[in-house]
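Please work through the following exercises with the sequence and the structure side by side, and try each task before you read its solution.

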Amino acid sequence: MAEQKRNYFEGPAAELRLRELGLEVSWLVDAVRASEIERRSCSPLEPSIAPGFKAWSAAFRRLAEELVPRGWAKTETLNLPRLVNKSTAVAVAVSSGNEATGTSNEPDFKNTRGEVSKLLIRTNQRQLVLFAEMQYVPIPAEEEQKTWWLLIYSDDSGVLRAELGLPIRLGGDAELSMWEQRIVIDIPNLDQPSIPESDEEPPEILVNVRPKS
Amino acid sequence: MARFNHGRFQIARERSGILKKELAATCGVAPQTISNWESGFTEPTEQVVTKIGAVTGFSDRFFSKGEIEPLSEGGVSFRSRSRIPARSKHAALAAGALARELSLWIEERFELPQVDLPSFDGQSPELVSEVIRAEWMLGNKPIPNMIQLLESRGAIVFSLADDVKELDAFSFWSEGRPIVLLNTMKSCERSRIDSAHELFHLMCHKEETGKKEEEDATGFAGALLLPKDDLYKNFRAVRSMDELMQAKHRWRVSLSALVVRLHELGIIKDWQYRTFFMELSKRGYRTREPKPLTLREDSAILSKVFSSLRKRGIKPRQVAQDLGWDRRHLDGLIFGLGATFLPLHGDRQSGTTKRVASPLYLVDEKD
């Protein structure tokens with residue numbers, strides 16, 4: 001439990017940890033919001049995969065729009081796009097998470113991972129073994145990247161949560177994925193009361209017209 | 001024959017959108033002759049005047065009335081001036097001259113609200129909107145009817161007929177009274193923005209307007225119709241186009257006007273602004289307003305005037321006759337503004353607005 005706490009960041013600690021990775025919390029919040037706008041803008045008449053796909057694409061794009069001008073590179077292998085900072089060897093991918101995303105419970109990917117994800121997660125695991133002593137030390141440029149996943153969870157009731165996680169083992173049928181580090185992204189509450197269509201007392205506008213005698 | 005007024009002849013021709021050479025062919029004269037008639041060098045015969053009247057929709061009475069002051073282009077605030085074909089521009093200016101005649105006709109017979117429009121000189125659109133809201137005691141509430149707001153301050157609002165549909169609106173001062181011509185064929189949302197836009201011109205621009213003045217007038221329209229305090233109070237964030245679509249009904253503006261204002265106020269960021277605008281374009285919402293307002297704004301002045309006339313047995317046809325106009329010229333100026341229309345679905349909407357339905361025509365009650 002103590003081990004888990006050490007690798008679990010939220011609030012100000014999350015912001016600090018993100019900075020160590022060269023990331024600002026506002027960039028991730030914007031990416032999450034972009035995905036949500038896109039998801040909610042989908043019509044029920046679109047194919048059922050559209051909301052998920054468009055939300056994922058919008059989050060990645062928004063994040064790329066922040067990171068690429070700051071020297072990060074967009075790479076893509078077998079349909080898995082990532083944003084890579086070659087000087088710090090930090091890479092970020094985007095995915096949907098399950099309901100536990102952004103909570104103290106252990107989250108998991110929402111969908112089954114492909115071969116590239118499996119490979120990247122194995123790489124994360126191998127690096128953990130190699131650099132066990134240096135977990136929070138900046139990673140040397142010449143080493144392979146560690147791939148973090150921005151997990152986003154949203155549902156129709158308005159819940160929207162996200163975290164940046166470093167997976168080291170992929171879950172199977174009965175077990176969850178294992179996360180070496182988890183950084184919870186605090187998404188400001190976007191819920192708002194529905195906007196009233198009219199005021200009960202609109203301003204009075206008098207137009208006096210009368211015939212001249 | 002009675003005296004032939006060459007200024008009126010030019011207005012009749014231009015209002016009807018007929019070129020000199022076309023009218024010359026109809027009258028069997030050279031185009032130069034038309035120019036001579038318009039400049040007052042020569043006069044047509046009585047028979048030709050009647051023929052011109054039949055073509056342009058004006059009676060001999062119109063041509064023999066006193067001087068009519070044409071509107072000069074410089075004294076009018078046109079939207080999108082450069083894109084308007086000359087023929088439409090002239091037709092619109094001629095419509096403005098007729099609007100002025102009709103407003104004088106009304107003023108002779110009715111007490112109208114006193115003109116009470118402050119003037120501003122160089123103040124920012126945001127500041128002007130705040131001053132106006134404070135002085136007119138509008139608070140931060142949505143404005144239920146822009147046309148009536150203008151009327152309550154002494155303006156008279158007329159409709160632009162659909163033969164000048166390239167124009168959104170224009171306005172000018174006539175003998176101390178502001179006159180606005182509004183394209184009532186556009187969406188309600190658009191008309192509200194146009195009304196506010198013209199209000200700014202009337203208060204701030206006495207000279208010909210350029211790009212900067214047009215931008216300021218548009219900025220003012222956004223600020224007036226979407227007051228920042230009300231937006232800050234109601235919007236914490238925007239999560240979807242659907243939320244915007246619901247919200248636009250509170251302030252009765254177009255979706256794009258709402259997005260522009262939210263961005264201006266920093267409620268949405270640059271990337272959200274881009275996202276929403278791309279989505280608006282993708283869905284065709286920039287040309288076809290989604291979930292349009294179903295309640296159109298009407299004119300309290302025209303409704304009350306024509307209702308009062310009707311009670312006294314004076315029909316729109318007689319008003320037109322008195323002015324020397326064909327009915328279509330009168331209908332064109334009051335179309336869509338709520339004056340003496342055929343009842344829809346059995347009853348007339350009460351209050352400040354009426355349901356959208358087209359086409360609507362002024363009707364004379366049967367004798």
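The exercises below treat a strand and its partners, aromatic rings, and a cavity.

The model is predicted, so that local features need pLDDT of at least 70 and side-chain atom pairs count only at pLDDT 80 or more, while totals for chains, interfaces and linings use all residues. Residues are numbered from 1 along each chain as its sequence is written, chains are lettered from A and ligands numbered from 1 in the order in which they are written, and side-chain values use heavy atoms, with hydrogens and water left out.

**Exercise 1.** Find which residues stand opposite A:Ala91 in β3(A) and in β5(A).

*Solution.* Begin with strand β4 of chain A, residues 90-96; a strand here is a DSSP run of E with at least two residues, a helix is a run of H or I with at least four, and both are numbered from the N terminus. Six of the seven residues of β4(A) are buried, where buried means under 20% relative accessible area with a 1.4 Å probe and protein chains only. Next, take strand β3 (residues 80-85) of chain A, which pairs with β4(A) in the antiparallel sense over three bridges; strands pair if DSSP finds at least two bridges between them. Here A:Val84 stands opposite A:Ala91. Four residues separate the two strands of this hairpin, and A:Ala89 in the turn has a positive phi of about 60°. Finally, β4(A) runs parallel to strand β5 (residues 146-154) of chain A and is joined to it by seven bridges, with A:Thr147 as the bridge partner of A:Ala91.

**Exercise 2.** Explain why the pair B:Phe9 and B:Trp37 is classed as it is.

*Solution.* Rings of Phe, Tyr and Trp (its six-membered ring) pair if their centres lie within 6.5 Å, and planes under 30 degrees apart count as stacked, over 60 as edge-to-face and the rest as tilted. The structure holds ten aromatic pairs over all chains. For B:Phe9 and B:Trp37 the centres are 5.9 Å apart and the planes stand at 70°, so the pair is edge-to-face. Because B:Phe9 lies in helix α1 (residues 6-15) of chain B and B:Trp37 in helix α3 (residues 31-39) of chain B, the pair ties together parts that are 28 residues apart in sequence. Both B:Phe9 and B:Trp37 are buried.

**Exercise 3.** Determine which element gives the largest share of the lining of the second largest cavity.

*Solution.* A cavity is a set of points, on a 1 Å grid over the protein atoms alone, where a 1.4 Å probe fits but cannot get out, and lining residues have an atom within 4 Å of a point. The residues that line the second largest cavity include B:Cys188, B:Ser191 and B:Arg192. Two elements of chain B, α9 (188-204) and β6 (295-297), give two or more residues to this lining, and the largest share, three residues, comes from α9(B).

Technical notes
Buried means under 20% relative accessible area, exposed over 50%, partly exposed in between (1.4 Å probe, protein chains only). On a 1 Å grid over the protein atoms alone, a cavity is a set of points where a 1.4 Å probe fits but cannot get out, and a pocket is an open set with protein on both sides within 12 Å along at least five of seven lines; lining residues have an atom within 4 Å of a point.
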